[in-house]
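User: I have a model open and want to go through its geometry. Keep the answers short, and show the reasoning.

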Amino acid sequence: MELIIHSGTVITMKDGRVIRDGAVVVEGQAIVDVGETSEILRKYPRGYERINARGKVVVPGLINTHQHAAMSLLRGYADDLPLQEWLEKWIWPIEGHMTAHDIYVGALLTAVESALGGTTTVNTMYHYTPDENEAKAFVDVGLRAVVGHVCFSWRKEGDKNALEDLAKNWHNKADGLVRVSVDPHAPYTVDPEYMRELKELCGELNEKYGSEKAPIIWHVHVAETSDEPEKIRRAFNKNLKGGVMEYLDSLGVLDSRVVAAHCVALTDNDIAVMKLRGVKASHNPISNLKLASGISPVPKMLEQGVTVSLGTDSPCSNNSADMFEVMKVAALLHKGVNRNPTLISAAQVLNMATVEGARALSWDSEIGSIEVGKKADLAIIGFVKPHLCPVHNEVSHLVYAAKATDVETVIVNGKIVVENRQLKTVKGERVMKMAEKAKTRLLERLKSNVK
Ligand SMILES: [Zn+2]
């Protein structure tokens with residue numbers, strides 16, 4: 001498609017460049033020009049489809065670096081519980097009854113919600129199933145995704161087969177929309193030996209299916225709560241000398257292609273290890289608050305030069321896929337707990353949700369900013385609203401005042417996925433009906449204990 005978005009405020013996220021009355025030119029999947037509207041309209045002939053973005057702001061699509069997309073079926077199923085009880089008594093038992101179709105439908109719902117809220121890339125960790133799965137759901141909605149398969153010590157063989165199948169069938173597939181990842185669940189559910197094996201397997205899969213430009217990455221929960229060293233000791237009889245990140249480093253599994261979700265209970269040495277190895281953090285402030293997991297030392301990580309991106313976590317620990325909420329909470333939380341209003345500026349937060357998100361997923365050569373040569377992943381946000389008026393600073397509004405429902409049009413890989421708040425790829429109402437039906441059947445199976 002050839003498309004010109006013009007007359008809007010373009011926040012490029014490249015060197016702080018904001019173009020008022022700016023334009024973005026898209027040809028095929030890519031951004032081919034960015035500049036002032038007058039200059040662009042002179043330069044490009046008629047024939048390009050045009051979107052008038054007057055009164056609107058154009059940003060790179062938001063990047064959610066920690067999701068469990070299929071879990072939207074469990075949204076509101078179990079709330080107000082501590083992490084371990086929530087997982088062991090509620091989430092894991094019902095998940096045991098989820099079918100491949102449930103996983104597909106749950107991910108479809110999350111993809112729809114994400115698209116409507118301006119999120120164009122989602123990093124999701126869940127169970128891979130061959131026929132219907134999260135990757136298919138994201139492709140059907142037209143979003144970009146890194147889709148993983150979550151691994152546990154108790155099912156090594158099954159995991160390895162699933163990872164091989166996932167990488168073979170989905171890595172860098174669907175016009176490059178999908179990449180895959182290897183996802184050890186956490187250091188307390190994956191034993192040290194298996195952790196190393198999964199690192200080796202990731203290397204092998206990269207040799208077969210990955211490339212320097214499009215690598216298969218690692219996605220793991222790390223230091224979500226402060227009792228994680230104790231949980232590791234109980235599970236594997238391993239006494240940690242330092243923090244959990246130091247422990248993972250001692251296994252030789254950390255490098256710049258690791259996305260560590262949560263990073264709440266980190267020691268100073270853990271942060272030094274992250275910097276040294278180039279480990280990327282996914283900060284999930286809403287999930288951490290809801291599960292009372294603690295507060296991630298984000299200002300310290302940023303000070304040390306660690307890449308910090310943002311994630312929602314699952315739709316039942318958040319309970320939405322709304323990255324605008326995450327941005328606002330991230331900006332507020334660290335100011336409040338540190339009693340320092342200068343910490344984590346709006347500009348830093350928007351950077352975390354775009355540029356740093358792309359970097360966290362090792363996808364920054366293609367996404368995260370509006371610049372020539374990058375993929376056209378864009379969100380256009382309507383600013384003619386009482387809560388976004390008057391405009392002193394667009395970035396401030398995006399973080400502190402805008403809502404996911406202000407997103408009007410979303411473009412992914414050069415294709416319009418949402419136009420004037422209408423999905424172009426799937427029917428949102430149909431997806432919601434499918435989700436209600438899947439939820440009802442899932443509860444019936446749980447009740448009668450049928451798998
Ligand atoms: Zn998670």
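User: Are His-221 and Asp-313 buried or exposed?

Analyst: A note first: the model is predicted. Buried here means under 20% relative accessible area. His-221 and Asp-313 are both buried.

User: Which residues coordinate the zinc ion?

Analyst: Donors must be N, O or S atoms within 2.8 Å of the metal. The contacts here run from 2.1 to 2.6 Å. Three use NE2 atoms of histidines and one uses OD of an aspartate. The residues are His-66, His-68, His-221 and Asp-313.

User: How are these donor residues of the zinc ion spaced in sequence, and how many residues apart are His-221 and Asp-313?

Analyst: The spacing pattern is H-x1-H-x152-H-x91-D. His-221 sits in strand β10, residues 217-222. Asp-313 sits in the loop between β13 (308-310) and α12 (323-338). This pair links distant parts of the chain, and the separation is 92 residues.

User: What geometry does the site of the zinc ion have?

Analyst: The site has 4 donor atoms, with angles of 86 to 174° among them. A tetrahedral call needs all angles between 85 and 135 degrees. The site of the zinc ion is classed as irregular.

User: Which residues of helix α13 are buried, and what arc do they cover?

Analyst: Helix α13 spans residues 346-353. Its buried residues include Ala-346, Val-349, Leu-350, Met-352 and Ala-353. They lie on the same side of α13, because the arc they cover around the axis is only 155°.

User: Which residues form the nonpolar patch on the surface, and what is their accessible area together?

Analyst: The patch is made of Leu-289, Ile-295 and Val-337. Val-337 belongs to helix α12. Val-337 is partly exposed, at 43% relative accessible area. Together the three residues offer about 230 Å².

User: How many salt bridges are there?

Analyst: The criterion is a side-chain nitrogen of Lys or Arg within 4 Å of a carboxyl oxygen of Asp or Glu. By this rule the count is 28.

User: How many residues apart in sequence are Glu-113 and Arg-75?

Analyst: Their side chains form a salt bridge, 3.2 Å from N to O. Glu-113 is in helix α3 (residues 100-116), whereas Arg-75 is in the loop between β6 (62-67) and α2 (83-95). Glu-113 is partly exposed at 22%, and Arg-75 is partly exposed at 33%. The bridge therefore ties together parts whose sequence separation is 38 residues.

User: Which helix holds Arg-445, the partner of Asp-102?

Analyst: The closest N and O atoms of this salt bridge are 2.5 Å apart. Asp-102 is buried at 3% relative accessibility, and Arg-445 is buried at 17%. Asp-102 lies in helix α3, 343 residues from its partner in sequence. Arg-445 lies in helix α16.

User: What is the relative accessible area of Asp-249, the partner of Arg-277?

Analyst: The two form a salt bridge, with closest N and O atoms 2.7 Å apart. Arg-277 is in helix α9 and Asp-249 in helix α8, 28 residues apart. Arg-277 counts as partly exposed at 36%. Asp-249 is buried, with a value of 18%.

User: How far apart in space are Cys-389 and Ala-214?

Analyst: Cys-389 is in the loop between β14 (378-382) and α15 (394-400). Cys-389 counts as exposed, at 54% relative accessibility. In sequence, Cys-389 and Ala-214 are 175 residues apart. In space, C-alpha to C-alpha, the distance is 41 Å.

Key:
Residues are numbered from 1 along each chain as its sequence is written. This is a predicted model: local features need pLDDT of at least 70, side-chain atom pairs count only at pLDDT 80 or more; totals for chains, interfaces and linings use all residues. Side-chain values use heavy atoms; hydrogens and water are left out. Donors are N, O and S atoms within 2.8 Å of the metal (3.2 Å for Na, K and Ca); water is not among the atoms, so sites may look incomplete. Four donors count as tetrahedral if all angles lie between 85 and 135 degrees; four count as square planar and six as octahedral if opposite donors are over 155 degrees apart and all others between 65 and 115; anything else is irregular. Helices (H or I, at least four residues) and strands (E, at least two) are DSSP runs, numbered from the N terminus. Buried means under 20% relative accessible area, exposed over 50%, partly exposed in between (1.4 Å probe, protein chains only). The arc is that of the directions from the helix axis to the C-beta atoms. Patches are made of residues with over 30% relative accessible area and no salt bridge: like charges are joined within 9 Å, nonpolar side chains (Val, Leu, Ile, Met, Phe, Trp, Tyr) within 5 Å. Accessible areas come from the Shrake-Rupley method with a 1.4 Å probe; for residues, only the protein chains shown count as cover.
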